[in-house]
Amino acid sequence: MRPTHSKPIDADKAQRFLSGLREGKTLHVLCSGKVNGKRVSSEIIATHIRFREYCAEHPDFARQANALLAENMKAANARRGEFKRSQTHCKFGHPLSGDNLLIEGRTKFRRCRVCMARRAAAPRPPSEDQIQRATAVLNAGQTISRICWGVINGKKVADRIMSHPKLTLLRQRDPEFDRLVSLSRPRVRRQPTKILLRRNNIITPEMAEYNQIANLVPYQLPRDVRDDVIQSIFLAIIEGSLQRDQVHAHVRQFIRDHYREANRLGVGKYGLVSLDAPIFADGNMTRGDTIVRGLWD
Ligand SMILES: [Zn+2]
């Protein structure tokens, strides 16, 4: 323990400690006088070292004081961040509520969208140090993901050097730096099939065949419709009425049949609508036509 020149605590000061703690004050207040970051010397009773000394010599006092301290600490922790939590407006006066409020996922930081947009549109210029570090990163063959997000090959490896708006500003102002960035583009693009293989781990021959056929049915269709069409195609293949290599040529027919059947049964999304009925009173284009034309032309 460091030597201290203050006087040891007497019974009177010990009582003041206990009553201060009962009022909900923390040791931080009673030993250093810090109230909301400001020093209030009238609050100070004794140093922290003297308090611990007195506790060691008076177990009864220590028990009472520590119990109160634990409670006060809990309350103080609950008060933490209260200022930020209860802020109704950002420091530029924009409301921190409704559409303007962004609550970050992990940290729960409350952010003002107007200010975020303002900063993104007119960022402060990067410092000399930031420029040097970014240049070093590019010279080492790394890309802007390392500069703006600290990411190399999809993995977070360090803190960012500068935000993307700031980098864009630097590129506009410094053509030499801009050239360096253009040279740093990743040369090899990953093959989509490799990603698929990695995500699913194993693709069985059956799955590969299913995907091959399912891919011929347009993704723009509503999901339930698409599933039904795929199912009908497989059924036809199993029954032998459709050859595998003929699927592509007959997909349109399967989609048309599906809608015709759904409408005949009155289970289509819009109830009982005839595909052959004209859509507009003054034309002869039918609903059936729009399906085929919309998807394939
Ligand atoms: Zn704001």
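Start by selecting Ile9, Phe17, Leu21, Val29, Leu30, Ile45, Ala46, Phe51, Tyr54, Ala65 and Leu68: these eleven residues form the largest nonpolar core. Now colour by helix, and you'll find that helix 1 (11–22), helix 2 (27–32), helix 3 (48–57) and helix 4 (59–79) each put at least two residues into this core. Bear in mind as you click around that this is a predicted model. As a rule of thumb, nonpolar side chains in soluble globular proteins tend to be buried together.

For another core, apart from that one, jump along the chain and pick Ile144, Ile147, Leu167 and Leu170, which are among its seven residues.

Back to the main core, and centre on Ile9. Which residues does Ile9 contact once its neighbours within four places in sequence are set aside? Show Ala14, Ala46, Arg50, Phe51 and Tyr54, and you have them.

**Zoom out for a moment**

With the whole protein chain in view, you're looking at 15 helices and six strands. The chain has 297 residues, and buried ones make up 10% of them. If you have a contact map handy, take the contacts between residues at least 6 apart in sequence: 43% of these join residues at least 24 apart.

**Helix 1 against helix 4**

Hide everything but these two helices. Their axes come within 9 Å of each other and cross at roughly 25°. Angles under 35 degrees count as roughly parallel, so helix 1 and helix 4 are roughly parallel to each other. As for handedness, the crossing of helix 1 past helix 4 is left-handed.

Next, turn on side chains along the contact. Helix 1 brings Ala14, Phe17, Leu18, Leu21 and Arg22, and helix 4 answers with Phe61, Gln64, Ala65, Leu68, Leu69 and Asn72. Colour this contact by residue class and you get eight nonpolar, two polar and one charged residues.

**The loop before helix 3**

Select the loop between strand 2 (38–39) and helix 3, where Thr47 sits. Is Thr47 buried or exposed? Neither, quite: it has 17 C-beta neighbours inside 10 Å, so Thr47 counts as partly exposed. Draw a distance from its C-alpha to that of Cys31 and you should get 4.9 Å, for a pair 16 residues apart in sequence.

Glu43 is in the loop between strand 2 and helix 3 too. Glu43 has 16 C-beta neighbours inside 10 Å and therefore counts as partly exposed. Leaving out residues up to four places away in sequence, Glu43 touches Val29, Leu30, Gly33 and Val35. Two of those names, Val29 and Leu30, are also on the list for the largest core. Try a second distance here: Glu43 to Gly20 is 9.1 Å between C-alpha atoms, with 23 residues separating them along the chain.

**Two positive phi angles**

If you have a Ramachandran plot open, pick Lys108, which has a positive phi of about 65° although it is not a glycine. In the structure, look in the loop between strand 3 (101–103) and strand 4 (110–112). Lys108 has 10 C-beta neighbours inside 10 Å, so it counts as exposed.

Then go to Asn153. Its phi is positive at about 50°, and Asn153 is not a glycine either. You'll find Asn153 in the loop between strand 5 (151–152) and strand 6 (155–156). With 10 C-beta neighbours inside 10 Å, Asn153 counts as exposed.

**Two more loops to click on**

Select Arg124, in the loop between helix 6 (113–121) and helix 7 (128–139). Arg124 has 11 other C-beta atoms within 10 Å, which means that it is exposed. How many residues apart in sequence are Arg124 and Lys166? There are 42 between one position and the other, yet in space their C-alpha atoms are 6.9 Å apart.

For the last stop, go to Asp245, in the loop between helix 13 (223–239) and helix 14 (247–264). Asp245 has 7 C-beta neighbours inside 10 Å, so this one counts as exposed. Add Ile213 to your selection: its C-alpha is 9.4 Å from that of Asp245, and the two are 32 residues apart along the chain.

Technical notes
Residues numbered from 1 in each chain as written. Predicted model: local features only at pLDDT ≥ 70, side-chain atom pairs only at ≥ 80, totals over all residues. Core = buried A, V, L, I, M, F, W, Y, C linked by C-beta atoms within 7 Å. Buried ≥ 20, exposed ≤ 12 C-beta atoms within 10 Å, placed from the backbone. Helix = DSSP H or I, 4+ residues; strand = E, 2+ residues; numbered from the N terminus. Contact = placed C-beta atoms within 7 Å. Axes fitted to C-alpha atoms, helices over the stretch in contact; angles between N-to-C directions. Parallel < 35°, antiparallel > 145°, perpendicular 65-115°, else oblique. Left-handed = near helix turned anticlockwise from the far one by under 90°. Nonpolar A, V, L, I, M, F, W, Y, C, P; charged D, E, K, R; others polar.
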